[in-house]
Amino acid sequence: MSIPDSSFLPDAGLEQAIALLRQSPVAWSALPQALPENGMGENATLAQLAPHVFGKAAHLDDPTAIAHMDPPTPWITWAMALWNASLNQNLLHAATSPFATEAERLVIDWLIPFFGMSGGHLCSGSTLANLTALWAARDARGVKKIVASEVAHLSIKKAARLLGLEFVAIPVTPSGQLDPVQLGDLTHACLVLTAGTTATGVIDSLALVGQAAWTHVDAAWAGPLRFSPTYTHLLNGIEAADSVSISGHKWLFQPKESALVLFRDVAAANGAISFSGGYLASPNIGVQGSRGAAAIPLLATLLAWGKTGLVDRIDRTMAMAQQLANNIQAEDSLTLWAMPTTGITVFRSQQQTADDIFAALPTGMLSTCVLQDEMWLRSVMANPMADIDAIWAHIQRVISA
Ligand SMILES: *Cc1c(COP(=O)(O)O)cnc(C)c1O
């Protein structure tokens, strides 16, 4: 006979969890330093934990938060995260995720035409998406080395190490793009082009797509620009790539952990990155085994907003990056690194160090980056609710102090 256990059933505590989310309590009391012998129960746990979880969080929806690639998330994704956790579907087996598997297929089918790809899957971040793509490049096409610009994301070098492939770093031009003149023989290489470098948001020349045995475009950051009629041209050429990575948890406003790895020839790629096990009804594709239904929050966001709603948010952040850059350019004491191409604005002061300015600004407003051994201030416009006037007032206060 089954023993009812209320911990596994929907409970009024869930409404309490939402009430606490609305209040975002901040006054916390210490947590036990060792594993508690006896539990305090769910309701007491909510009360104990909420001040820690909310009170000690970085608030990505703050009007001055434009520091990192981590966006605030729309509430429809919070609802889907709750539903997902309650169902705990496993994308490893269609039997344990009937709708979640269908949802993933649907989302992939909706998005692949923008990138000229034929399929793919979700994984928990672009680090894994890149590793998956480079694994396919090695085993489907036999590439012997990975070639990328010296400012490619560290996950590319990490993937090369894990795959036992040589990593070749190509210097960048003064504008931050991989310098094509310095590319050697690519006959047995996987060329990785970055669409939105981590520090400055630069897009490597996508005219280089197709010049190597395999071309992967790491569009973790800037991939979503493809959906915007205003900015889609920035990614022209991506459709000829062999594989593309895009982070959902960056400019698609998804909760972690959400990324897409897409392939031009998905059958060939999947053939190279699949394992069968006696207990699996179908082969396990990709790096992860068990994985959750990250497609459902993405599906819900795309249903709720449509393409237009998504593009509105992306375009709004692009316009704010431009406004910030214009303000910086008009300010004599500041130097703009370059006009932002993908929502990332990099600048510094001629009088104060980047460290000093950073320390005097509100926490979480900007970040810093090092370019050619020099420290710069950096803003990543992933927050559609940012207030550029308020941000600019902070910057002016600090630089005129
Ligand atoms: C963020 C980023 C990654 C890594 O993605 P995660 O989701 O953090 O694993 C890879 N490449 C680029 C260009 C990125 O911006």
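**Two domains and the interface between them**

In this predicted model, domain 1 and domain 2 together bury about 1,900 Å² between them, and 69% of that area is on carbon and sulfur atoms. The size of an interface is often given in just this way, as the accessible area lost when the parts come together. On the side of domain 1, the residues that lose the most area to domain 2 are Thr200, Trp251 and Phe253, which together make up 29% of what that side buries.

It helps to place these two parts along the chain. Domain 1 covers residues 76-303, and domain 2 covers residues 306-399. Their C-alpha centres lie 27 Å apart. The contact draws 28 residues from domain 1 and 22 residues from domain 2.

What kinds of interaction cross this boundary? Between domain 1 and domain 2, eight residue pairs are in polar contact. Salt bridges, on the other hand, number zero across the interface of domain 1 and domain 2. The make-up of one side can be read by class: where domain 1 touches domain 2, there are 18 nonpolar residues, ten polar residues and no charged ones.

A look at the empty space inside the protein completes the picture. Rolling a probe the size of a water molecule over the atoms shows where empty space is left. The count comes to one cavity of 30 Å³ or more, and the largest cavity holds about 40 Å³ of space. Its lining includes His121, Leu122, Cys123, Leu128 and Thr132, along with Ile285, Gly286, Val287, Gln288 and Arg291.

Methods
Residues are numbered from 1 along each chain as its sequence is written. This is a predicted model: local features need pLDDT of at least 70, side-chain atom pairs count only at pLDDT 80 or more; totals for chains, interfaces and linings use all residues. Side-chain values use heavy atoms; hydrogens and water are left out. Domain bounds come from an automatic or database domain assignment. Contact means heavy atoms within 4.5 Å. Buried area is the accessible area (1.4 Å probe) that two parts lose on being put together, summed over both. A salt bridge is a side-chain nitrogen of Lys or Arg within 4 Å of a carboxyl oxygen of Asp or Glu. A polar contact is a pair of N or O atoms within 3.5 Å; within protein, one must be able to donate a hydrogen and the other to accept it, and residues adjacent in sequence count only if both atoms are side-chain atoms. Ala, Val, Leu, Ile, Met, Phe, Trp, Tyr, Cys and Pro count as nonpolar, Asp, Glu, Lys and Arg as charged, and the others, Gly among them, as polar. On a 1 Å grid over the protein atoms alone, a cavity is a set of points where a 1.4 Å probe fits but cannot get out, and a pocket is an open set with protein on both sides within 12 Å along at least five of seven lines; lining residues have an atom within 4 Å of a point. Grid points are joined across faces, edges and corners, and a volume is the space filled by probe spheres set on the points.
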